[in-house]
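Work through the exercises below with the structure open beside you. Try each task before reading its solution.

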Amino acid sequence: MQKPDPRSSSRIRLRIPVILEGEDVDGMRIREETVTENVSITGARFAVSRLIPPGSVLVVASAKAPQKARALARVIWSRELHGGMKAGVQFVDPDQNWILK
C-alpha cells in the first residue's frame with residue numbers, strides 16, 4: 001500500500017541555480033550557492049553543504065538575477081539524503097515563489 005504524500009502541492013524535478021542567504025537558529029550566517037532538486041508552488045528541496053536547522057529563515061535568490069528574483073523561505077527539514085546533505089523549505093509567501101513563475 002502506498003503512503004499518502006503529506007505535501008500540500010506536487011513537486012517538479014527542476015535544477016535551478018540559487019543563492020541561499022540568512023541565519024540559522026543559532027544566529028550563524030548562511031550564504032551558499034546551490035541548485036534546486038525539486039520545486040513546488042509552496043516549497044523546494046536543495047543540495048546544501050551543511051545541516052541548516054529547521055526554523056531557520058532564508059532568502060532564496062536566483063543566482064542569475066539575485067536582486068530581482070528572491071523569496072523568503074523557512075527550513076522545514078535538513079538531513080543527509082541520497083548521499084548528500086539536503087534541505088527542504090517552505091516559502092513564507094508562496095506568491096513570491098519566482099522559481100515557477
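## Exercises on strands, shape and surface

**Exercise 1. Find how β3 and β4 are paired and joined.**

Step 1. Strand β4 covers residues 43-47 and runs antiparallel to β3, with three bridges between them. The model is a predicted one.

Step 2. Look at the connection. A hairpin of three residues leads from β3 to β4.

Step 3. Pick one pair. Asn38 has Arg45 in β4 as its bridge partner.

**Exercise 2. Trace the other partners of β3.**

Step 1. Start with strand β1, residues 12-13. Two bridges tie β1 to β3 (residues 29-39), and the two strands run antiparallel.

Step 2. Name a pair there. Arg13 sits opposite Asn38 in β3. Asn38 also appears in the pairing with β4, where Arg45 is its bridge partner.

Step 3. Move to strand β2, residues 17-23. Seven bridges link β2 and β3 in the antiparallel sense.

Step 4. Check one position. Leu20 stands opposite Glu32 in β3.

**Exercise 3. Write the secondary-structure pattern of the chain.**

Step 1. Count the elements. The chain has seven strands and zero helices.

Step 2. Read along the sequence. The pattern is β-β-β-β-β-β-β.

**Exercise 4. Test the chain against the rule for a compact globule.**

Step 1. Get the expected value. For 101 residues, a compact globule would have a radius of gyration near 13 Å.

Step 2. Compare. The chain has 13 Å, so it agrees with the rule.

Step 3. Add the box. Along the principal axes, the C-alpha atoms fill roughly 45 × 30 × 25 Å.

Step 4. Add burial. Of the 101 residues, 41% count as buried.

Step 5. Add contacts. Take those with a separation of 6 or more: residues 24 or more positions apart account for 52% of them.

**Exercise 5. Locate a nonpolar surface patch and explain how Leu72 can belong to it.**

Step 1. Set the background. The chain exposes about 6300 Å², and carbon and sulfur atoms supply 51% of that area.

Step 2. Find the patch. Val57, Leu72 and Val92 make a nonpolar surface patch of about 210 Å².

Step 3. Place Leu72. This residue lies in strand β6, residues 70-81.

Step 4. Apply the cut-off. Patch residues need over 30% relative accessible area. Leu72 has a relative accessible area of 38% and is partly exposed, so Leu72 passes this cut-off.

Step 5. Recall a general point about strands. In a regular strand, side chains alternate between the two faces of the sheet.

Notes. Residues are numbered from 1 along each chain as its sequence is written. This is a predicted model: local features need pLDDT of at least 70, side-chain atom pairs count only at pLDDT 80 or more; totals for chains, interfaces and linings use all residues. Side-chain values use heavy atoms; hydrogens and water are left out. Patches are made of residues with over 30% relative accessible area and no salt bridge: like charges are joined within 9 Å, nonpolar side chains (Val, Leu, Ile, Met, Phe, Trp, Tyr) within 5 Å. Accessible areas come from the Shrake-Rupley method with a 1.4 Å probe; for residues, only the protein chains shown count as cover. A salt bridge is a side-chain nitrogen of Lys or Arg within 4 Å of a carboxyl oxygen of Asp or Glu. Helices (H or I, at least four residues) and strands (E, at least two) are DSSP runs, numbered from the N terminus. Buried means under 20% relative accessible area, exposed over 50%, partly exposed in between (1.4 Å probe, protein chains only). The radius of gyration is taken over C-alpha atoms; the globule rule is 2.2 Å times the number of residues to the power 0.38. Contact means heavy atoms within 4.5 Å. Two strands pair if DSSP finds at least two bridges between them.
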